[in-house]
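Biologist: I'd like to learn how to read the backbone of a model like this. Could you take me through it?

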Amino acid sequence: MSKDKEKSKASRRQFLKTGAGAGIASVIAGSGLGLFAAPNSNAKSSGKKIKVLTTDGKTLEVDETLLSNPDKDYYVSREGAHQGIPGKKFIMVIDLAKCKNARKCVEACQEGHHLASDHEWMKVYLLQDADQEAPYWFPRPCFHCDNPMCVSVCPVGATYKRTDGIVLVDNERCIGCKFCMTGCPYSARQFNWYKPKSSTENIPYSPENAYPAREGTVGKCVFCADKLRLGELPRCVTACPMGVLYFGDLTEDTVTNGEETLRFSELIRDRAGYRHLEMLGTEPSVYYLPPVERQFPVERGLEGADEAIRERYKHTKTYEVTKQTRKSDE
Ligand code: SF4
Ligand code: SF4
């Protein structure tokens, strides 16, 4: 990776970090990035300014160090993980026009959550809606539905929905019955067939980071709840070199990919945003921007890919259900 690119990625991470002080609390609390930007009043000025967007559409410049996070250690107990972050309702927007299957989101998720190589909480499908239409890349995390079927079918309350919209699984309660895997219409859940990685043995378990995952239980995307506690963006959002993934708070009507901060409602209206299989009534928290005016030919997504990955996409209609449900909608 070039130095420039590394620098750019680092600044994207720092852009949203939190601290504990009060110096610019009134400014930041009223900003569109209130969630991510609690200030650190102890920090010395770096001279470098960062732009944040306020909820009334104004741009503010604040010193970078005021947004730095002095405390990287944040652990939330199993009980604590039931509590959502107060006043927040998390959402993700995925811009299909920009995705080229770089797979950095998949890798960052696997690394950050200590997943086995065949476990992909973020999965990139290759979809094609009709024979005469071009295929496109379709990243799919957990949709953190507001009406989650997985939660309603769990017999022991091991999977639950929080006030901030995040759906989590408590591996210490899960009995591995797989009802939730069957209940999820998006195949977002995977069974933990393996013992946890030895590198995670001494880490205390929390449903927010989902490791060390217990063998014989179920795992899935957690919207990087542990990162959100720190005021940081989810790992996949930060890792994407194309800025495909936007994350934010519905109550503030704002989403960001770390470089660009946008008004959520305007983005969805102007770009005809939609939710996958909306007709199921699941009310997903993840929105898609259609793959119109694509920035890359779809073939770019297979450049440099190893044989196993190429094989996976041999048949482009990987997600036939998309086509079927759209037809039934007509
Ligand atoms: S596998 Fe675990 S989380 Fe899923 S329904 Fe069964 S007990 Fe609940
Ligand atoms: S939000 Fe976090 S857990 Fe979910 S797909 Fe992205 S990196 Fe993985």
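Modeller: Happily; we will look at unusual backbone spots and then at the ligand. This is a predicted model, in which local features need pLDDT of at least 70, side-chain atom pairs count only at pLDDT 80 or more, and totals for chains, interfaces and linings use all residues. Residues are numbered from 1 along each chain as its sequence is written, while chains are lettered from A and ligands numbered from 1 in the order in which they are written.

Biologist: What is the phi of Ser187?

Modeller: Most residues other than glycine have a negative phi, and most peptide bonds are trans. Ser187 has a positive phi, near 50 degrees.

Biologist: Is Ser187 buried or exposed?

Modeller: A residue is buried if 20 or more other C-beta atoms, placed from the backbone, lie within 10 Å of its own, exposed if 12 or fewer, and partly exposed in between. Ser187 is partly exposed, because 14 other C-beta atoms lie within 10 Å.

Biologist: And is Phe223 buried or exposed?

Modeller: Phe223 is buried, because 26 other C-beta atoms lie within 10 Å. Its phi is positive too, about 55 degrees, although Phe223 is not a glycine.

Biologist: Which peptide bond is cis?

Modeller: The one from Tyr211 to Pro212, with omega near -5 degrees.

Biologist: How many residues surround ligand 1?

Modeller: A residue is near a molecule if its C-beta atom, placed from the backbone, lies within 6 Å of it. Here 15 residues surround ligand 1, and the closest are Cys154, Cys174, Cys177, Phe179 and Cys180.
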